[in-house]
Amino acid sequence: MSVYFGELDMPKLEITTKIGCTIDCNYCPQPRLISNYRKRSHIFDMSMDVFRKCIDKVPSHVNIHFSGMSEPWLNHECTKMFLYANERGHKILASTTLMGMYTEDIELLEKMHFTAFNVHLPSAGDGGEKIEVDEQYLNLLERLLKSRIRINLRFLGETLHSDINTFLKNKRIEHVQIHTRAKNREIKNVPQPPVRHGVIGCRRNFRQNVLLPNGDVVLCCMDYGLQHVLGNLLRENYESLFHSPEFLKIKAGLNNEKIDILCRECDNFAYTQNIFSKMYYTHLREYVRSKLF
């Protein structure tokens with residue numbers, strides 16, 4: 001039990017290595033992200049220098065997730081970033097479509113340990129993913145399957161790409177439900193989440209934030225509109241993010257419906273507080289953290 005709750009409670013930082021993901025899944029709010037990011041910065045690709053400076057400020061108990069708001073390997077320095085975060089002692093998760101990855105990357109990555117390595121497979125067209133299922137892609141997927149990395153196979157959309165289905169027969173493949181990213185994208189046949197009223201909380205305890213290429217850190221992976229920028233790791237330290245005016249506004253908005261916060265329209269991680277949920281998500285988390293750290 002302690003391992004499970006420890007993983008649940010661990011703070012995490014997701015890395016967005018690039019703004020403007022060319023995979024262009026039709027359920028991803030890329031247009032909203034690009035439009036709002038352009039108002040803040042002209043740096044669309046994270047440099048290794050920026051990554052180092054930011055990660056050096058992140059405590060080693062914070063898990064690093066290479067997922068964020070785009071395909072990680074669309075940035076050609078992605079594998080170097082993995083290796084650096086690993087050297088710094090962080091536990092690491094990867095989520096990838098394999099686009100931009102090469103067999104040389106796998107040879108470096110299989111020397112590492114991952115908390116999870118998720119492979120996002122293409123759907124049969126209804127997901128709109130621009131993933132070309134050709135010989136190069138299948139060879140790369142086969143090399144990954146034969147590596148020492150334990151991978152999780154998953155897909156979104158209604159049905160899996162037929163060539164992938166044939167190639168991976170008898171393999172366990174998870175179907176992940178699509179959602180609107182807190183109303184940041186309208187998706188056909190996917191209902192918009194209702195507005196939550198009363199006192200609410202976050203199942204992630206606001207500790208799964210997203211680092212952008214210019215050093216900005218936003219609240220979470222729902223925040224494609226960049227509504228809640230907590231601070232910038234090039235200018236500030238990690239813990240200051242959780243004492244910033246924006247973070248304090250979010251905390252106040254959990255109790256006050258008049259304060260506009262994204263959490264009230266969150267599809268996945270917000271919950272309405274009652275005595276049982278508060279005990280589970282607040283007191284138990286604090287107990288686990290005190291035992292771990």
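Which residues have the most contacts inside the largest nonpolar core? In this predicted model, where local features need pLDDT of at least 70 and side-chain atom pairs count only at pLDDT 80 or more, totals for chains, interfaces and linings use all residues. Residues are numbered from 1 along each chain as its sequence is written, and side-chain values use heavy atoms, with hydrogens and water left out.

The largest nonpolar core (buried Ala, Val, Leu, Ile, Met, Phe, Trp, Tyr and Cys residues joined through side-chain atoms within 4.5 Å; buried being under 20% relative accessible area with a 1.4 Å probe, protein chains only) comprises 87 residues, and those with the most contacts inside it are Phe51, Phe66, Phe82, Phe117, Leu121 and Tyr137. Apart from neighbours within four places in sequence, Tyr137 is in contact (heavy atoms within 4.5 Å) with Thr97, Leu98, Met99, Leu121, Pro122, Ile131, Glu132 and Ile164.

Glu110, placed in the loop between helix 5 (103–109) and strand 4 (116–121), where helices are DSSP runs of H or I with at least four residues and strands are runs of E with at least two, numbered from the N terminus, counts as buried because its relative accessibility is 15%. Beyond its neighbours within four places in sequence, Glu110 is in contact with Arg143, Ser147, Arg148 and Ile149, and a polar atom of the Glu110 side chain lies 3.2 Å from the backbone nitrogen of Arg148.

Definitions and conventions: Buried means under 20% relative accessible area, exposed over 50%, partly exposed in between (1.4 Å probe, protein chains only). A polar contact is a pair of N or O atoms within 3.5 Å; within protein, one must be able to donate a hydrogen and the other to accept it, and residues adjacent in sequence count only if both atoms are side-chain atoms.
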